[in-house]
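Colleague: I'd like to learn how to read a structure like this one feature at a time. Could you take me through it?

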Amino acid sequence: RDGEEGGGKDDQQIEAALTLWEQHFEIGWMDPDRRVREGLFAAHKAICGRVKKQVGRRIKAFMYPWLCARFDPEVNVRTAANLAFSGFFPQNKVGEALVFCKGEISRSLEDVMRHSVQTLCDPKSYTKEEAEETFARIISTSVLALSHIVEILEPGLAVPFLSSFKIFSGNQFWKYLGHQDVHIRSAMYTFVTAVTTKTPKFVEEYGEDTDKKLLAVLSPLVLQSLADKDPASHV
């Protein structure tokens with residue numbers, strides 16, 4: 001049994017504690033205070049080290065925010081998230097884990113993309129500035145996480161992974177190419193580069209059986225992005 005791994009607690013106690021940790025994790029990664037986010041992933045690394053098997057059974061719940069935090073604009077936060085991630089996943093198992101969590105990643109990303117600043121960040125809990133910064137961070141890191149997935153998966157896995165998303169056929173996702181926040185635009189440019197270079201088949205074929213082919217949707221938006229004169233958006 002995993003008594004030693006769990007620090008002497010029985011499985012039922014560990015599962016109850018992890019249920020609470022899941023709930024805290026889902027909220028904590030969005031916190032506007034970078035110190036809270038950094039502490040969250042430092043604690044997550046410690047928890048993973050103590051009860052790795054039990055966390056593994058719940059990995060679908062943790063994967064999306066964990067991936068996003070690896071691209072947090074605050075260096076200490078993304079360092080903590082990356083240390084926790086690399087300590088948990090062997091390098092040769094990352095792709096397999098991402099594919100395993102495909103459904104949750106897809107649903108979480110599509111849910112995030114439906115939000116506005118006001119619906120994502122409760123005005124009672126966030127100042128206007130905090131809400132805008134948090135929204136920009138959540139959107140940009142979500143897109144960067146998706147770009148990373150495209151980069152590390154083999155095209156034979158990346159294409160079906162992307163094809164499971166419904167948001168690429170309309171403007172819900174692509175509108176962010178023209179967003180006023182430079183970090184969001186930069187993340188979108190990174191994603192466009194990733195999909196056009198790594199998965200051209202996806203760009204060519206997505207939506208080909210409808211009147212909303214991705215190539216037709218994407219082409220004018222890419223041309224528009226090339227006119228972006230802010231150097232920070234093309235980093």
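Colleague: Let's start with Leu153. Is Leu153 buried or exposed, going by its relative accessibility?

Modeller: Keep in mind that this is a predicted model. The cut-off for buried is under 20% relative accessible area. Leu153 comes out at 2%, so it counts as buried. Leu153 isn't part of a helix, mind you: you'll find it in the loop between helix 9 and helix 10 (155-163).

Colleague: Which residue is 57 residues from Leu153 in sequence and 8.9 Å from it in space?

Modeller: That's Glu96, and the 8.9 Å runs from C-alpha to C-alpha. Try the reading on Lys198 and Pro155 too: they're separated by 43 residues in sequence, while their C-alpha atoms are 6.6 Å apart.

Colleague: Where does Lys198 lie, and how accessible is it?

Modeller: Lys198 lies in helix 12. Its relative accessible area is 29%, so we call Lys198 partly exposed.

Colleague: And what about Ile59?

Modeller: Ile59 belongs to helix 4 (residues 59-69). With a relative accessibility of 6%, Ile59 counts as buried. Its C-alpha is 7.8 Å from that of Cys101, although 42 residues separate Ile59 and Cys101 in sequence.

Colleague: Since you mention Cys101, is it buried or exposed?

Modeller: Buried, because Cys101 has 0% relative accessibility. Cys121 counts as buried as well, at 2%.

Colleague: How many disulfides does the structure hold?

Modeller: Zero. The test is a pair of cysteine sulfur atoms within 2.5 Å.

Colleague: Zooming out, how much of the protein counts as buried?

Modeller: The protein has 235 residues, and 43% of them count as buried.

Colleague: What does the secondary structure come to?

Modeller: You get 14 helices and zero strands. Walk along from the N terminus and the elements read α-α-α-α-α-α-α-α-α-α-α-α-α-α.

Colleague: How do I read the packing of two helices?

Modeller: Two packed helices are described by the angle between their axes and the distance between the axes. Take helix 1 (residues 11-28) and helix 2 (residues 34-50): the angle is about 150° and the axes are 10 Å apart. Helix 1 and helix 2 are therefore roughly antiparallel to each other. Their crossing is left-handed.

Colleague: What do I find for helix 9 and helix 12?

Modeller: Helix 9 (residues 128-152) and helix 12 (residues 182-198) have axes that come within 9 Å and cross at roughly 15°. That makes helix 9 roughly parallel to helix 12. The crossing of helix 9 and helix 12 is left-handed.

Colleague: On to aromatics, then. What should I look at in a pair of rings?

Modeller: A pair of aromatic rings is described by the distance of the centres and the angle of the planes. Searching the whole structure turns up 18 aromatic pairs. One of them is Phe168 with Trp174: the centres are 5.8 Å apart and the planes sit at 40°, so this pair is tilted. Phe168 and Trp174 are both buried.

Colleague: What is the geometry of Phe173 and Trp174?

Modeller: Phe173 and Trp174 are edge-to-face, at 4.9 Å centre to centre with 85° between the planes. Phe173 is buried, just like Trp174.

Colleague: Which residues form one aromatic cluster with Trp174?

Modeller: Phe161, Phe165, Phe168, Phe173, Phe191 and Phe202 form one aromatic cluster together with Trp174.

Colleague: Last feature: which charged residues sit over rings?

Modeller: Try two cases. Arg70 lies over the face of Phe85, 4.1 Å from the ring centre. For Lys52, the charged end sits over the ring of Phe88, at 5.5 Å from its centre.

Conventions:
Residues numbered from 1 in each chain as written. Predicted model: local features only at pLDDT ≥ 70, side-chain atom pairs only at ≥ 80, totals over all residues. Heavy atoms only, no water. Buried < 20%, exposed > 50% of the residue type's maximum accessible area, 1.4 Å probe, protein only. Phe/Tyr/Trp six-rings, centres within 6.5 Å; stacked < 30°, edge-to-face > 60°. Lys NZ or Arg CZ within 6 Å of the ring centre and 35° of its normal. Axes fitted to C-alpha atoms, helices over the stretch in contact; angles between N-to-C directions. Helix = DSSP H or I, 4+ residues; strand = E, 2+ residues; numbered from the N terminus. Parallel < 35°, antiparallel > 145°, perpendicular 65-115°, else oblique. Left-handed = near helix turned anticlockwise from the far one by under 90°.
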